[in-house]
Amino acid sequence: MNQTREIKNFIFSQYFSDGLRISAGVLLPPLLLSQMGYLENGIAVSMGAIVTSIPDNPGAVVHKRNGMLFCILFMVVTSLLTGFINDYPVLLVAEIFSLCFFFSMFNIYGNRAAAIGTGVLIIMVVNVDREFNTQSLLEYTGFLLAGGIWYMALSLAVSQFRPYRIAQHSLGECIDKIAEYLKLKASFYDTHADFNDTYKKLVDQQIMVHQQQDNVREILFKNRMFTKDPTDTGRLLILVFLDVIDLFEQTMATHYDYKTIRTSYGSSGVLQEFNKILLNIARELEDLGYDINANERPRLSQDFLPQLEQLKTSIDKVENNFVLKKILINVRNIVNRINTIYSYFNHKKLETVSINDEKDLGRFVSSQNLDPKLFIENISFKSAIFRHALRVAIVSVIGYLVSKLLPLGHHSYWILLTILVLLKPGFSLTKERNYQRLIGTLIGGITGALIIYFIPDQTIRFILLLIFMLGAYSFQRLNYVVSVLFMTPYILLMFSFIGLGDLSLVKERILDTFIGSFIAFLASYFLFPSWEYPQLKNFMRKLLIANYHYLLKVADGLRGRDLDLTEYKLVRKELYVSSANMASAFQRMLSEPKNKQKNVREASKFIVLNHKLSSYIATLISSIRYNESRQINKAHIKLIRKALYQLAEAISLLKDDKNDDFQPSELHIPENGVIISNEDTDSKLIAEQLEFVNKTASDLVKTTLRVTGDELRGVEG
């Protein structure tokens, strides 16, 4: 059942949709033109379509269009330049160096710009050894241009014809990631689950949730179709997404001292009931994500009221059960949020709901600065992107010279192509891509060789080519090793249709890939390497600042101020982004050589402590947002001031000359009005949560001290 659901989910996904679109855009031109006897021209059109598809990543339609337009422009210029200087080796080497450097610097402008650079460099590589005269070059470039325009028209037409599908795909996947996160949270109520292992998985899953949330924001909030007089479908998707973010925060708000909870209530059996209902909620979210992804109307499959009533009955039988009751309230809030989301799919209900912060939606999406000054400012060895661009330029020249000096066959440009595809700004990603490409090429090459050797029938080969092509383009953003595994036999079969497919080509492909991978790996280690640890300090500081501002919202709420929802959500978004960036940087560091990994234990503890801190704060904010008690006493004031002071101290420890922008806030809490003298159970729980916040903040200061202390000792040594 689960496997069937996963297969259907993939078929309905954006990945498969992208694979179908790219495959159609690449395959149709050579198929049609070959019928008229112009197969070579069709292949040129196909190449233009392939290159233009590279920056066609999910996002706002206007960004996709602009990315493809710039890609076509640079592709045409690069094709003409390479064709005109092909007969002049010195100029060709100069071009390889210059263009590799220039287009690799596009990484400073974000992923789409980096994809443009990669696509244009592919055109340079495949044209390096081709012989042109002026007429043939102009014709070839014209066909590339036609291919680029054809693919862009196809992509925009699909977006216009199915304007909401991209958003539905991304939103469905986002909900699915949150469901996985909630399953991990349920593990804390499993008395046999390991705490440390669960925390590690939780942080890893949190990265995926935040990344997917950013994707959905990009698609929804930068698209005029959703933000300017949206249709019912557009409003529906925005409302669901806004509630999904609140729901995710609510899952974080189910955070308490789990070790104490296990010790106090482990034998009562009530924790197993919490585990069960959280898993059921996660399954309901999976169903919701699947239905949205499949463009089906979601229907609530479970009635949570009896489950909640049964849980309440079990809690009432336990002594000193106030903490359990608070967790139950959080679970009820999650269920209520799910019921609200499902209610939006009732047309009458949808008509009565408005988007509260509609005019501010654009503030939730980061805008990429395309100022040329940014390019110039990064021309420095202090810039990791500059070092990366210089590394790519030098190594590409080396790869080209190796392909010329060694008798490697007629497609030695595969060495240079491998280098360009594998070299990334960081060592860890280059290493990962190296491994994936080698495994995928080896298995794919063997598969392609077996097909060429044992299956001479052209019809069967063509069907297999279609399958491999679709698989290669469908998995290119989902699983790189699977994409390469499909890509290699697809290329070999394609060559077989133009009379070049034999076993020697398989050997050449594998050998060139291994040489290119070896060169790229060595360069990432020895040539202007970029290690993660020096950048870790900045990620740590940004995360602490984000949690500081998040805690300030608790202070505002407790002293009686109404939450400005837009400002609060912006603070929350910054926390999520900072958490994901910090955890991603740490994961990348773990992929680096052991001698380049520093303070691994402290950095890991820092990430877990920050996750605990933000979860404790989310629990407090949940009380504020859902109209629970906001009354505070002097003990609360003391605790929240102390926590803010400790966070500010940790932030100051990570300060350097470049980031002195943080200023601690003056917290003014009146000594009367909202302050009460009588302590009730709710007040005690607020104090308990603030104690958790304080303890975690104190641990963060100690961890930060160890990191900065080791750094200073390293400098002195």
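This passage describes the nonpolar cores and a nonpolar surface patch of a predicted model. In this model, local features require pLDDT of at least 70 and side-chain atom pairs count only at pLDDT 80 or more, while totals for chains, interfaces and linings use all residues. Residues are numbered from 1 along each chain as its sequence is written, and side-chain values use heavy atoms, with hydrogens and water left out.

The largest nonpolar core comprises 123 residues; such a core is a set of buried Ala, Val, Leu, Ile, Met, Phe, Trp, Tyr and Cys residues joined through side-chain atoms within 4.5 Å, where buried denotes under 20% relative accessible area (1.4 Å probe, protein chains only). Helix α24 (residues 533–558) contributes the most to this core, with 14 residues; helices are DSSP runs of H or I of at least four residues, numbered from the N terminus. At least three core residues come from each of domain 1 (162–364) and domain 3 (532–666 + 677–713), with bounds taken from an automatic or database domain assignment. Val240 is among the residues with the most contacts inside the core. Beyond its neighbours within four places in sequence, Val240 is in contact (heavy atoms within 4.5 Å) with Leu171, Ile175, Ile292, Ile341, Tyr344 and Phe345. A second, separate core of 82 residues includes Ile96, Met105, Ile419 and Met487.

On the surface, a nonpolar patch covers about 1,000 Å². Patch residues have over 30% relative accessible area and no salt bridge, nonpolar side chains (Val, Leu, Ile, Met, Phe, Trp, Tyr) being joined within 5 Å and like charges within 9 Å; a salt bridge places a side-chain nitrogen of Lys or Arg within 4 Å of a carboxyl oxygen of Asp or Glu. Helix α20 gives the most to the patch, with eight residues.

Key. Accessible areas come from the Shrake-Rupley method with a 1.4 Å probe; for residues, only the protein chains shown count as cover. Helices (H or I, at least four residues) and strands (E, at least two) are DSSP runs, numbered from the N terminus. Buried means under 20% relative accessible area, exposed over 50%, partly exposed in between (1.4 Å probe, protein chains only).
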